[in-house]
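Q: Could you walk me through this structure? I would like to begin with the overall arrangement and then look at single residues.

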Amino acid sequence: MIERATKEDANEILEIQKLAYISEAELYNNYDIMPLKEDIETVIESFDKNVVLKYFNDGKIVGSVRAFEENGNCHINKLMVHPEYQNQGIGRKLMEEIEKYFNHVTFKLFTGSRSTKNIALYEKLGYKGYKTEKLDIEDTVFLFMEK
């Protein structure tokens, strides 16, 4: 079940984020990535700008995604699924649901350029890569994708 999250869900979402992004950190042998450093205040603030969705399984949150619209672009970020629930289609369902909140936009996102599972998911959903670039926030080279 997917529904819109509230600030009261921030702690649980941050806990999942810290677990879900460990695999990304391992890919790059860098545990200083932004999703692992994010604090509760930042997550709470993200609700002011973003639509935040949560995925429930047996009454607990096991996945989440955030997105906001700016200048005709919908920026999707922080797609995460608890490691015990990955590879069950939850990420795909969250992506499909978040897209329903935005009309007549270009969807944009980025993921680690070595994150082959993430890239494959986004490509199945119709996203295409258009550039790779490092951001000031960390050393990871990201693949930027749009649909």
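A: The sheet comes first, followed by the helices and then some individual residues. This is a predicted model, in which local features need pLDDT of at least 70 and side-chain atom pairs count only at pLDDT 80 or more, while totals for chains, interfaces and linings use all residues. Residues are numbered from 1 along each chain as its sequence is written, and side-chain values use heavy atoms, with hydrogens and water left out.

Q: What is the order of the strands in the sheet?
A: The seven strands form an open sheet in the order β1-β2-β3-β4-β5-β7-β6, with mixed pairing. Strands here are DSSP runs of E with at least two residues, helices are runs of H or I with at least four residues, and both are numbered from the N terminus. Two strands pair if DSSP finds at least two bridges between them.

Q: Which strands stand at the edges?
A: Those are β1 (2–4) and β6 (128–134). Each has a single partner strand, so one side of each is left without a neighbour in the sheet.

Q: By how many degrees are neighbouring strands turned against each other?
A: The average is 25°, with direction ignored. For angles in general, axes are lines fitted to C-alpha atoms, for helices over the stretch in contact, and angles run from 0 to 180 degrees between N-to-C directions.

Q: Now β4. Is that strand mostly covered or mostly open?
A: Strand β4 (residues 73–81) is mostly covered, with seven of its nine residues buried. Buried means under 20% relative accessible area, exposed means over 50%, and partly exposed lies in between, using a 1.4 Å probe and protein chains only.

Q: How does β4 pair with β3, parallel or antiparallel?
A: β4 and β3 (residues 60–70) run antiparallel and are joined by seven bridges. Within this pairing, Phe68 has His75 as its bridge partner, and Ser64 is partnered by Met80.

Q: And with β5, parallel or antiparallel?
A: β4 and β5 pair in the parallel sense, over three bridges. Cys74 stands opposite Phe107 in β5.

Q: What is at the turn between β3 and β4?
A: The hairpin has two residues between the strands, and Asn71 takes a positive phi near 55° there. Asn71 is a residue other than glycine, and Asn71 is exposed, with a relative accessible area of 74%.

Q: Which residue in β4 has a positive phi?
A: Lys78, in strand β4, has a phi near 55°. Lys78 counts as buried because its relative accessibility is 12%.

Q: Turning to the helices, at what angle do α1 and α4 pack?
A: Helix α1 (residues 10–20) and helix α4 (residues 40–49) pack at about 115°, with their axes 9 Å apart. Their crossing is right-handed. A crossing is left-handed if the near helix is turned anticlockwise from the far one by less than a right angle, and right-handed if clockwise.

Q: Which residues make that contact?
A: From α1 they are Ala10, Asn11, Ile13 and Leu14, and from α4 they are Ile40, Val43, Ile44 and Phe47. Contact means heavy atoms within 4.5 Å. These residues divide into seven nonpolar, one polar and no charged. Ala, Val, Leu, Ile, Met, Phe, Trp, Tyr, Cys and Pro count as nonpolar, Asp, Glu, Lys and Arg as charged, and the others, Gly among them, as polar.

Q: Which strands do α4 and α6 lie across?
A: α4 lies across β2 (51–57) and β3, running at about 50° to β3. α6 lies across β4, β5 and β7 (141–146), at about 165° to β5.

Q: What about Ser115: buried or exposed?
A: Ser115 counts as buried because its relative accessibility is 2%. Ser115 is placed in the loop between β5 (106–112) and α6 (116–124). Its side chain makes a polar contact with the side chain of Glu24, at 2.6 Å. A polar contact is a pair of N or O atoms within 3.5 Å; within protein, one must be able to donate a hydrogen and the other to accept it, and residues adjacent in sequence count only if both atoms are side-chain atoms.

Q: And Lys108, buried or exposed?
A: Lys108, in strand β5, counts as buried at 17% relative accessibility. A polar contact of 2.9 Å joins the side chains of Lys108 and Glu146.

Q: Last one: is Asp48 buried or exposed?
A: Asp48, in helix α4, counts as exposed at 60% relative accessibility. The side chain of Asp48 makes a polar contact of 2.8 Å with the side chain of Lys7.
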